Amino acid sequence: MRPDLHGRTVGIWGLGREGMSMADVAAAAGAARIVAVDDAGRVPFTTPQGIDGLEVFRGPEHLALLRTCDVVFVSPGVPWRQPAFADLRTSGVRVSSAADWFVTRFAAQTIGVTGTKGKSTTASFLGHLLRAVGVDAVVAGNIGTPLSDLEPAPGQVVVAEVSSQQAALLTASPAVAVITNLFSDHLDWHGDPAAYHAAKANVFRLGARALVCPPEVPTRLAAIGIDELPPTLRLVEPADVRPLPGQGVMSYPHNAVNGALAAAAAEVFTGAPVPAEVVDAAARDFAGLPHRLQTVRVTGPAEHPVRWIDDTLATTGESVVAALRAMPPDATVALIVGGMDRRLDYRQVDEHLCSGVTNVTLIQSPSNGARIGERFAAAHPERTHLVDSLEAAVRTAAAVPGVDVVLLSPGAASYDLFANYEAKGAAFAGFVDGLSSGVVGSN
């Protein structure tokens, strides 16, 4: 049940996009006091203006104030195992989130999309496809607009991308849930794969009427004791998915699976079939999303252009392999890997690289690039380069003989050296521009 905020003391942990949204919600709901603690202590920062009752405290020394609140809305970036968070959950204070606030009210109008990889593309394409069949649909959540910003009209459908951090705090599930896949990720947040998978399962475990997913998902969940599924289970077998037409992002094999999941979810939610020709038309004009196999630059002569691809949202080994499989089979690829180390398993990357299916030169960049492709590096030192910066990686990639594609698919998050994946992608494009002007690294 959604908490009543009128006359209450509302706590907000983390004053980023979702935190600001919940501060607005709490003020509009008549909260007596809003206590916002940003323990990251971001500098520089601006104290929000025009929100009645809001008090902002910067720095972790103020976290104890949250225990004096009636309800605390926690931002997704707060680690589940952080001692102050663990203490808060056992303190008797109601703990919620922007996603939980929305879903407890609008579950019947919501399709929740989660998974380790592919959830943003699946959610975006699902919204695109629903609009193509005449449904008023909006896409929000982890993909951009906070769910707490929305007040959907009757009949409007909200496609909500839900991260594992958001799912962990759900107390209700969307009407229809989509899980694209379940690998290992965010272990620094959840602690182990079982806890991570259990958090994802909240997208359906708390009242969903239907689950759409590949067969591997129920199998993985059953392995950790989660075997009670919604009344309707729609399985999409990746091996049976037909290719989607065109030359756009939906023509990539892994996105064809994402498209099939979206089409199945649209059919389950609306109760009506979505013709193949409608799916195909939607795939042809779907522009895709930034930082997901996005060609950001083309350099070189017309007779041998080099495509520079920003895939900074590829933060697991599985997503790196998917990106490599999406490359033209005869292409010479310079693969740039490396980012924040989260103790992930990269054996599948080595297996693909060592198979020789893709002609790859491996460029290992900070911070954990040396861990990605270790076996390939040992077997092919002449095709492996360990560099000390993204700038050096770009220079090295440009010098690979006969290179057709430079793929920045890091296999790791960007927070070690960059503010986020957008910043890393922007730096990548900037370094490519500097190659042609001869000013890489100058400011």
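**Exercises on a predicted three-domain chain**

Leu-126 touches Ile-111, Val-113, Val-159, Ala-262, Ala-265 and Ala-266, where residues up to four places away in sequence are left out and contact means heavy atoms within 4.5 Å. This is a predicted model, in which local features need pLDDT of at least 70 and side-chain atom pairs count only at pLDDT 80 or more, while totals for chains, interfaces and linings use all residues. Residues are numbered from 1 along each chain as its sequence is written, and side-chain values use heavy atoms, with hydrogens and water left out.

**Exercise 1. Determine which residues of the largest nonpolar core touch the most other members, and which helix gives the core its largest share.**

Step 1. A nonpolar core is a set of buried Ala, Val, Leu, Ile, Met, Phe, Trp, Tyr and Cys residues joined through side-chain atoms within 4.5 Å, and buried means under 20% relative accessible area, exposed over 50%, and partly exposed in between, with a 1.4 Å probe and protein chains only.

Step 2. The largest core has 59 residues, and those touching the most other members are Ile-111, Phe-125, Leu-126, Leu-130, Leu-335 and Leu-407. Its largest share, ten residues, comes from helix α9 (residues 253-270); helices (H or I, at least four residues) and strands (E, at least two) are DSSP runs, numbered from the N terminus.

Step 3. Domain 2 (100-285) and domain 3 (294-434) each give this core at least three residues, the domain bounds coming from an automatic or database domain assignment. Apart from this core lies another, of 19 residues, including Ala-397, Val-400, Leu-408 and Phe-428.

**Exercise 2. Work out how the side chains of strand β9 are directed, and which strands pair with β9.**

Step 1. From β9 (residues 176-179), Val-176 and Val-178 point one way, whereas Ala-177 and Ile-179 point the other way, and all are buried. In a regular strand the side chains alternate between the two faces of the sheet.

Step 2. Two strands pair if DSSP finds at least two bridges between them. Strand β6 (residues 110-114) runs parallel to β9 and is joined to it by four bridges, with Ile-111 having Val-176 as its bridge partner. Strand β10 (residues 210-213) also pairs with β9 in the parallel sense, over three bridges, and here the partner of Val-176 is Ala-210.

**Exercise 3. Locate the salt bridges of Arg-105 and Arg-234, and state how far apart in sequence the paired residues are.**

Step 1. A salt bridge is a side-chain nitrogen of Lys or Arg within 4 Å of a carboxyl oxygen of Asp or Glu, and the structure holds eight of them.

Step 2. Arg-105 pairs with Glu-151, the closest N and O atoms being 2.6 Å apart. Arg-105 lies in helix α3 (residues 98-106) and Glu-151 in the loop between β7 (137-141) and β8 (157-161), 46 residues apart. Arg-105 is partly exposed at 41% relative accessibility, whereas Glu-151 is exposed at 54%.

Step 3. Arg-234 and Glu-267 meet in a salt bridge at 2.7 Å, N to O. Arg-234 belongs to strand β11 (residues 232-235) and Glu-267 to helix α9, so the pair ties together parts that are 33 residues apart in sequence. Arg-234 is partly exposed, with a relative accessible area of 31%.

**Exercise 4. Find where pLDDT stays under 50.**

Step 1. pLDDT is the predictor's confidence in each residue, from 0 to 100; the chain averages 93, and 95% of the residues score at least 70.

Step 2. Over residues 439-443 pLDDT stays under 50, and the model has seven contacts beyond four places in sequence for them. Where pLDDT is low, the predicted coordinates should not be read in detail.
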